[in-house]
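Biologist: Please take a close look at one part of this protein for me. I would like to hear about its nonpolar core.

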Amino acid sequence: MTIFREVPADSRITLDLNSNRYLRDRNLSISVRSVDGLPLLAERPMYFRYHGWMDGGSDAFGQEEGHTSWYFPEGFTSDTHPFREYICIGNFGDYPARGTMTLLGAGGEGLEMEIEVDPGFRQTQYINSYIQGEVAVKLETDRPVVAERSVYFRYNALENGFTADGGHTKAGLNSLSRNWYFAEGHVGDGFEEWVSLANPNGEKASVTVTYYTPAGKWGEKGLSLAPETRNTLFVNEDFGVPGDVSVQVESELPIACERAMYFNYNGSWDDGHASPGVLESSTTWLFAEGSAYSGIDEYVLLVNTGRETARVETRYLMGPGEGTYGAVYRIGPGQRVTVNVNRELSGFGLPSQVALEVDSDLPIVAERAMYFDMGRGDSGGEPIRGGHVSLGVQKASPQWYFAEAYTGK
């Protein structure tokens, strides 16, 4: 099915797929294409009450194209806690895509299975049916596909005494790297943070993790990754007091890295979100999703891992006819800065649609976090509360692909 919409210049629009009666109650993969070839941005937020009680939200940018390799370093399966993990694969091509899916556990045990996805179809792999416990996933196919991972969970905090139920969804990584950067991060105050590292190599990888805070570079720690295995770093253990933190991971061998956070925001908005790291800092970051509407708190997280102060210009794009707004920030060397978007846009009446362009004179890393209380759903039940996060992209594109989407209840 094809839907045509117009996006006015210097603004953003939202498509509600659930409102289309032909798309309701379906698992979907989606392509977004600019008919006139002009580049644009596309993100996919989803809000849910999984199995009637795991309430939350997730968000992900689309992929510009399919790939033959996908890596998912974050992952956990448990039928009793529960943690339920899915790998969603969309084949937008004209021929079947065949390959293998390899599961890497914490102990180095590997499980490999063959997969095949027909052209024009979306396939879902339920990872719990293959393995229980910590797991990283490597997907390799003979033709390009788009792959995302969804996890729905009940998380019991180790230090903060809360329980969070919800879910997160993200596309996989297309390559390994010796360097990974994460702008977002917070420990304490109802937040627990993890960094997942997967080493698919046949030899040990030595890793250095560097932390950055609003006060500047905080410190480093080293660890070792056994061959063909994954490891998880509990960031809270390294900090004695609550606070914001950004992370840089450096490895002797190319590895894959993600960051997961579980939280009880505002004392009642419990959920979790995950994000892959970025390979390098950049002078440009772009975000399609965003809102400062009542019941939604939006933050932009900026980190400067360089040795000089960066001057950052931001431009907020609101809904059609609502205009734009610009602001300037300075980020010192080794410093992490949090921008409260609701506060910045309070003079515009808390706009419900906010896209963002970030330009810096020096390379930085940028992410956007949103926490929400969506109010009562159609069933009149309890409000959907939670949060999601997204790494920005560095350029617009005339086409975007999403492997995961669901419009049921």
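Modeller: Here is a walk through the core, then the whole protein, then a patch on the surface. Keep in mind that this is a predicted model.

The largest nonpolar core has 37 residues. Trp285, Leu302, Tyr316, Val358, Val365 and Tyr371 have the most contacts inside it. Several strands each supply at least two residues of this core, including E19 (246-265), E21 (282-287), E22 (296-304) and E23 (310-318). Strands E24 (324-331), E25 (335-340), E26 (354-373) and E27 (385-391) do so too. E26 gives the most, with 8 residues.

Now take Trp285. Leaving out residues up to four places away in sequence, Trp285 touches Leu356, Glu357 and Val358, among others. Its partners also include Ile364, Val365 and Ala366, as well as Leu391, Gly392, Val393 and Gln394.

Another core lies apart from the largest one. This other core has 26 residues, among them Phe182, Leu197, Leu223 and Val247.

Next, the whole protein. Its secondary structure comes to 1 helix and 28 strands. Of its 409 residues, 56% are buried. Take the contacts with a separation of 6 or more: 78% of them join residues 24 or more positions apart. The radius of gyration is 20 Å, which agrees with the value near 22 Å for a compact globule of 409 residues. The C-alpha trace spans about 55 × 50 × 45 Å along its principal axes.

Last, the surface. Met1, Ile3, Leu15 and Tyr22 form a nonpolar patch there, with about 440 Å² of accessible area together. Tyr22 sits in the segment before strand E1 (30-33). Tyr22 counts as partly exposed because its relative accessibility is 48%.

Methods
Residues numbered from 1 in each chain as written. Predicted model: local features only at pLDDT ≥ 70, side-chain atom pairs only at ≥ 80, totals over all residues. Heavy atoms only, no water. Patch = residues over 30% accessible without salt bridge, like charges linked within 9 Å, V, L, I, M, F, W, Y side chains within 5 Å. Areas by Shrake-Rupley, 256 points an atom, 1.4 Å probe, with all protein chains shown as cover. Salt bridge = Lys/Arg side-chain N within 4 Å of Asp/Glu carboxyl O. Helix = DSSP H or I, 4+ residues; strand = E, 2+ residues; numbered from the N terminus. Buried < 20%, exposed > 50% of the residue type's maximum accessible area, 1.4 Å probe, protein only. Core = buried A, V, L, I, M, F, W, Y, C linked by side-chain atoms within 4.5 Å. Contact = heavy atoms within 4.5 Å. Rg over C-alpha atoms; globule rule 2.2 N^0.38 Å.
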